[in-house]
Amino acid sequence: MKILVATEKPFSKQATDGIAAIAREAGYECALLEKYTSVDELKTAVADADALIVRSDKVTADVIAAAPKLKIVVRAGAGYDNLDLAACTARGIVAMNTPGQNSNAVAELAIAMMIFMARNQFTPGTGTEISGKRLGIHAYGNVGRIVARYGKALGMEVSAYDPFITDPAIFANDGVKMASSVAELYRNSDYLSLHIPATAETKGSIGYDLLMSMPKGATLVNTARKEVIDEAGLAKALTERPDLKYITDILPDTAAELAEKFDKRFFTTPKKMGAETAEANVNAGLAAARQIVSFLKDGVTKFQVNK
Ligand code: NAD
């Protein structure tokens, strides 16, 4: 059996060494394709692979068609919108993610982004504190829950909304107020931290109306996905409301325009860095390798996302 690790943006050496060790122990071969620059390179490398580990790399129907032996694809990370799930399913390929492995890294970045904006992007002058402010968590999954915990530790008043969590006890046990709707959450959040996945339902769902409903001086923090933002609506709201701010870890399509128009009220990391910590890198990479071994040896499909 051959596991291919295909990463345009490579894992750390510690992670690839760990993945190789897990493969070796299972009696499998491990191959690395790093910093590739064309889909053709990926298609060639995947031709004899039984299992594939990727990060944000796109696993399209075209790539899958070039991998006749492929049985499992694991996205080392949480979001798996880079995998063509329908194409995987059509071929009987199991697709997985590694939920929770990079959540702490993303949560720490979300908190850092709030403080960065509260202090005027570290330019001289008087800023504000996040303690005592209202923090809204949109989607209470692995990342959202940690951001809520850290927000509380920093003295923030935390509310959350997640359409799939209807048991108030889940929020109450964490000392988090359960918002009854998306609208209520945005209306009452000085900082709104976005943690929704990019799905057909959520794409373009955060725009003008929600932003305009936010309190004076509010900041929208996006460590989720750029696709969930309606960028035209965002620009319109930032234009009409000179008090609003937007910070994102996912480069917007209109980043240049936003930066030019909104100066210190807008910031984007140049390249997604939420999960870019040594710890998250290793955690997600090793989890992906272990999940592959468990699947190939014992048929374990715990983290399958195309069931
Ligand atoms: P998760 O799967 O643990 O949680 C997602 C939550 O979203 C779940 O609780 C689910 O109930 C909720 N949800 C699903 N559809 C929803 C909807 N329509 N409206 C509101 N909530 C909805 O995921 P996670 O690990 O917490 O990651 C959250 C997001 O962060 C994902 O979009 C992921 O792609 C992104 N992410 C970004 C980085 C980065 O580098 N910036 C790294 C990891 C994850």
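Two residues are said to be in contact when heavy atoms of theirs lie within 4.5 Å. With that meaning in hand, this briefing looks at a predicted model, beginning with the surroundings of Tyr-36, which touches Ala-6, Thr-7, Glu-8, Glu-41, Leu-42 and Asp-57 when residues up to four places away in sequence are not counted. The later points turn to the salt bridges, of which the structure holds 12, to the ligand, which is surrounded by 25 residues, and to Gln-304, whose place is in the segment after helix 12.

**Tyr-36 and its surroundings**

- Tyr-36 sits in the loop that runs between strand 2 (29-34) and helix 2 (39-45), and its relative accessible area of 7% falls under 20%, so this residue counts as buried.
- Among the residues that Tyr-36 touches is Asp-57, and the side chains of these two residues also make a polar contact of 2.6 Å.
- Cys-88 is 52 residues away from Tyr-36 along the chain, and the C-alpha atoms of the two are separated by 22 Å.

**A salt bridge between distant parts of the sequence**

- Arg-55 and Glu-276 form a salt bridge in which the closest N and O atoms are 3.0 Å apart.
- Arg-55 belongs to the loop between strand 3 (51-54) and helix 3 (61-65), while Glu-276 belongs to the loop between strand 12 (266-268) and helix 12 (278-298), so this pair ties together parts that are 221 residues apart in sequence.
- The two partners differ in how they are covered, for Arg-55 counts as buried at 8% relative accessibility, whereas Glu-276 counts as partly exposed at 34%.
- Arg-55 and Glu-276 are also linked with Lys-9 in a network of salt bridges.

**Salt bridges within helices**

- In helix 10 (residues 231-240), Lys-236 and Glu-240 are four residues apart, so about one helical turn separates them, and their side chains meet in a salt bridge with an N to O distance of 3.6 Å.
- Both of these residues are partly exposed, Lys-236 with a relative accessible area of 43% and Glu-240 at 40% relative accessibility.
- Helix 11 (residues 255-262) holds Lys-261 and Glu-257, which are likewise four residues apart and separated by about one helical turn.
- The closest N and O atoms in the salt bridge between Lys-261 and Glu-257 are 3.5 Å apart, and Glu-257 counts as partly exposed at 39% relative accessibility.

**The ligand and the residues around it**

- Of the 25 residues that surround the ligand, the closest are Asn-142, Val-143, Asp-162, Thr-223 and Asp-249.
- The shell around the ligand is made up of 11 nonpolar, nine polar and five charged residues.
- Two of the approaches to the ligand involve backbone atoms, since an N or O atom in the backbone of Val-143 lies 2.8 Å from a ligand oxygen atom, and a polar backbone atom of Thr-223 is 3.1 Å from a ligand nitrogen atom.
- Arg-225 approaches with its side chain, in which an N or O atom is 3.2 Å from an oxygen atom of the ligand.
- The ligand taken alone exposes 860 Å², and the protein buries 86% of that area.

**Gln-304 in the segment after helix 12**

- The side chain of Gln-304 is joined to the side chain of Asn-306 by a polar contact of 2.9 Å.
- When residues up to four places away in sequence are not counted, Gln-304 touches Val-94, Ala-95 and Met-96.

Notes:
Residues numbered from 1 in each chain as written. Predicted model: local features only at pLDDT ≥ 70, side-chain atom pairs only at ≥ 80, totals over all residues. Heavy atoms only, no water. Salt bridge = Lys/Arg side-chain N within 4 Å of Asp/Glu carboxyl O. Helix = DSSP H or I, 4+ residues; strand = E, 2+ residues; numbered from the N terminus. Buried < 20%, exposed > 50% of the residue type's maximum accessible area, 1.4 Å probe, protein only. Near = heavy atom within 4 Å. Polar contact = N/O pair within 3.5 Å; in protein donor to acceptor, adjacent residues only side chain to side chain. Areas by Shrake-Rupley, 256 points an atom, 1.4 Å probe, with all protein chains shown as cover. Nonpolar A, V, L, I, M, F, W, Y, C, P; charged D, E, K, R; others polar.
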